[in-house]
Amino acid sequence: MSTIQKPSTHPLPALAILGGAPAFSELLHVGRPNLGSREKLHQRVNRILDRKWLTNNGPMVREFEQKIANFVGVKHCIAMCNATVALEIAIRAAGLRGEVIVPSYTFIATAHALQWQEITPVFCDLDPLTHNLDPAKAEALITPRTTGVIGVHVWGRPCPIDELTALCHERKLTLMFDAAHALGCSYKGRMIGGFGLAEILSFHATKFLNTFEGGAVLTNDAELAKKIRLMKNFGFAGYDNVIYIGTNGKMTEVCAAMGLTNLESLDEFLAANQRNYHCYQACLQGMDGLSLIQYDAGERCNYQYIVVEVDERRLGLSRDQLVATLYVENVLARKYFWPGCHRMQPYGSYFPHAGLLLPETEKLGARIIVLPTGTAIGPAEINTICRIIRTAVAHREAVCEALATHAPVLRPVLP
Ligand SMILES: Cc1ncc(COP(=O)(O)O)c(C=O)c1O
């Protein structure tokens, strides 16, 4: 990252792109893990080792499932090895087939979980104000082959759940939610996790709550929960008795120990995310061309993502130029979800003109920048990140020229 050659003298500010030293000596990632008490994790791991029960629905996994179900207020939580497998299993258990409507503005796993089992993800455009699925546009995509809709609570901000519920009820479609971003968030006062037929959480290392890798299906439907429990364990209903097609989606005891330990620190994680959000808000205030997305103060929210919309015309720098400028400072800001699932493979080949039907997705993907947050950073780092942004904007002409000169080095982050 810090491979830009230093010119011998430069009258401009010490931005790394202009020849200064990078502001950070270590890489600052967007999603560095939130870690609870090491001591408590060690105690739990010791208990696992003493018990010699490492996986296969052990006591830690069961305790973790119960605690997540209680926290969300849902009847069943089935913990899994990751959210992608949880999505695949939930989709299969719910009997989805044919076509399923999903946003293109999501992590690729939402689409892959369908295509993996030869169900066609039909990409729907978004509402530019909320970044979530637009129910009217979803309705227009329903065909005789459509069996369901999977909404994604992007950034933890809830989908239009009521409208999607009404639509799916009326058109007899199954509704599920990819809630990978949304643990600890609420919709009209009710915790996300209990809506639709099922909701899927991710406990990946970068998420608000991590289990190293992990995920879960949440549902209030006892039959579905039973089916999912079978499916994530090869279809075993007991020793030597396989009654279903299944796979291996099990969460390990060590992962559950991490989850239980991190759950005990969830309030701390939330406080750090909130502090960081407000710090970015203060530091970026008044910058024409940059707007930090808002979270609804009337709802519960995990503030997991610092999402900024860049208006290139007003800022004088493009989103990609800003990402590249931060990159050489060792700040690995990200362009989420760029370029959109519809432009990734295999979907880009299957539907080469999909972009024409997804104008808002295309525009949003080109203007979003996600900045680092979480317990690993605080106001000092955020002040520095925002100072870099302000300085780059103040010296945009020199920055643009330097970026063009160093384009080969910056290939990974330039378009
Ligand atoms: C919206 C969304 N869905 C699904 C996933 C997949 O989660 P996992 O990494 O746990 O498989 C992610 C992960 O980042 C995600 O952001």
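**Ligand, pocket and backbone**

Guide: A polar side-chain atom of aspartate 178 lies 2.6 Å from a nitrogen atom of the ligand.

Visitor: Why is the pair formed by aspartate 178 and the ligand called a polar contact?

Guide: A polar contact is a pair of N or O atoms within 3.5 Å, and the 2.6 Å between the polar side-chain atom of aspartate 178 and the ligand nitrogen therefore qualifies. Threonine 84 also places a polar side-chain atom 2.6 Å from the ligand, here from an oxygen atom, while a side-chain N or O atom of histidine 181 is 3.0 Å from a ligand oxygen. The protein buries 92% of the 390 Å² that the ligand exposes when taken alone, areas being computed by the Shrake-Rupley method with a 1.4 Å probe.

Visitor: How much trust do these values presuppose, and how are residues numbered?

Guide: This is a predicted model, in which local features need pLDDT of at least 70 and side-chain atom pairs count only at pLDDT 80 or more, whereas totals for chains, interfaces and linings use all residues. Numbering runs from 1 along each chain as its sequence is written, and side-chain values use heavy atoms, with hydrogens and water left out.

Visitor: Which residues around the ligand come nearest?

Guide: Of the 15 residues around the ligand (those with a heavy atom within 4 Å of it), Ala83, Thr84, Asp178, Ser202 and Lys207 come nearest. This shell divides into 5 nonpolar, 8 polar and 2 charged residues, and the helices α3 (83-93) and α4 (108-115) each supply at least two of its members.

Visitor: What is the space taken by the ligand?

Guide: The ligand takes up the largest pocket, for more than half of a molecule's atoms must lie within 2 Å of a pocket's grid points if the molecule is to sit there. That pocket has a volume of about 950 Å³, and of the 44 residues that line it, Phe107, Thr206, Lys207, Arg334 and Tyr336 are the closest to its centre. By class the lining has 21 nonpolar, 17 polar and 6 charged residues, with α3, α4 and α11 (319-327) each supplying at least two.

Visitor: What makes the peptide bond from glutamine 345 to proline 346 notable in geometry?

Guide: The bond from glutamine 345 to proline 346 is cis, with omega near 5 degrees, and a cis bond with omega of about 5 degrees also joins tryptophan 338 and proline 339. Proline 339 is in the loop between β15 (331-332) and α12 (347-350), as is proline 346. Elsewhere, asparagine 57 is a residue other than glycine with a positive phi, near 55 degrees; asparagine 57 belongs to the loop between α1 (38-51) and α2 (59-72).

Technical notes:
A polar contact is a pair of N or O atoms within 3.5 Å; within protein, one must be able to donate a hydrogen and the other to accept it, and residues adjacent in sequence count only if both atoms are side-chain atoms. On a 1 Å grid over the protein atoms alone, a cavity is a set of points where a 1.4 Å probe fits but cannot get out, and a pocket is an open set with protein on both sides within 12 Å along at least five of seven lines; lining residues have an atom within 4 Å of a point. Helices (H or I, at least four residues) and strands (E, at least two) are DSSP runs, numbered from the N terminus. Ala, Val, Leu, Ile, Met, Phe, Trp, Tyr, Cys and Pro count as nonpolar, Asp, Glu, Lys and Arg as charged, and the others, Gly among them, as polar. Grid points are joined across faces, edges and corners, and a volume is the space filled by probe spheres set on the points.
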